[in-house]
Amino acid sequence: MTRTTLALALTAAAALAGCNKGAQTNAAAEEANNAAAAVPVELPPAIVASKIYRCKDNSVVYIDWLSDNKSANIRSDKNGAPVQVTGPEAGQAMVAEGYSLTGSATGSNVTLTRPDKGSSSCHA
């Protein structure tokens, strides 16, 4: 008698486990459709070059040049917080509040204006 009860319980559990598969499949299809309709995400530009510059006022500045060729990160200390400067087009001056940077990742000279130092020519 206990074997038949056990067999019936297992059969009922198997039958219930197979129920409602259609709703799960529809939810997965709906999620895939939503992912396909999502707006594409634009990744931030990667660092293409990191250079250390010595300026005419004998200060050192660290510049990370970004792959979009119209932005860079400037740090006055090696582990300091960066200030990101951006320009309207590649090759034009990149600016942020109080900062201005003219130059490129491939060149060894830049002109940098900082709020606490003024304008200075710097060499890598």
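## Exercises on a predicted model

A disulfide joins cysteine 55 to cysteine 122, with an S to S distance of 2.0 Å. Keep in mind that this is a predicted model. Let's work through it.

**Exercise 1. Find out which parts of the chain the disulfide ties together, and work out its handedness.**

*Step 1.* Start with the number of disulfides: a search of the whole structure finds one.

*Step 2.* Check the pair against the cut-off. Two cysteine sulfur atoms must lie within 2.5 Å, and here the S to S distance is 2.0 Å.

*Step 3.* Now place the two ends. Cysteine 55 sits in strand E1 (residues 47–55) and cysteine 122 in strand E8 (residues 118–123), so the bond ties together parts that are 67 residues apart in sequence.

*Step 4.* Look along the S-S bond. The torsion about it is about 90°, so this disulfide is right-handed.

**Exercise 2. Decide whether cysteine 55, cysteine 122 and alanine 81 are buried or exposed.**

*Step 1.* Grab the cut-offs: buried means under 20% relative accessible area, and exposed means over 50%.

*Step 2.* Cysteine 55 has a relative accessible area of 4%, so call it buried. Cysteine 122 has 1%, so that one is buried too.

*Step 3.* Alanine 81 comes in at 67%, so it counts as exposed. You'll find alanine 81 in the loop between E3 and strand E4 (83–86).

*Step 4.* Who does alanine 81 touch? Skip its neighbours within four places in sequence, and its contacts are Ile74 and Arg75.

*Step 5.* Zoom out to the whole chain: buried residues make up 20% of its 124 residues.

**Exercise 3. List the elements of the chain in order, then find which of them build the largest nonpolar core.**

*Step 1.* Count the elements: the chain has two helices and eight strands. Reading from the N terminus, the order is α-α-β-β-β-β-β-β-β-β.

*Step 2.* Go to the core. It has 15 residues, and Ile63, Trp65, Ile74 and Leu101 touch the most other members.

*Step 3.* Trace the core back to the strands. Two or more residues come from each of E1, strand E2 (60–66), strand E3 (71–75), strand E6 (99–102) and strand E7 (109–114).

*Step 4.* Take isoleucine 63 as a sample. Beyond its neighbours within four places in sequence, its contacts include Ala49, Tyr53, Ala72, Ile74, Leu101 and Val110.

*Step 5.* Finish with the contacts of the whole chain. Among those between residues at least 6 apart in sequence, 27% join residues at least 24 apart.

Key: Residues are numbered from 1 along each chain as its sequence is written. This is a predicted model: local features need pLDDT of at least 70, side-chain atom pairs count only at pLDDT 80 or more; totals for chains, interfaces and linings use all residues. Side-chain values use heavy atoms; hydrogens and water are left out. Helices (H or I, at least four residues) and strands (E, at least two) are DSSP runs, numbered from the N terminus. Buried means under 20% relative accessible area, exposed over 50%, partly exposed in between (1.4 Å probe, protein chains only). Contact means heavy atoms within 4.5 Å. A nonpolar core is a set of buried Ala, Val, Leu, Ile, Met, Phe, Trp, Tyr and Cys residues joined through side-chain atoms within 4.5 Å.
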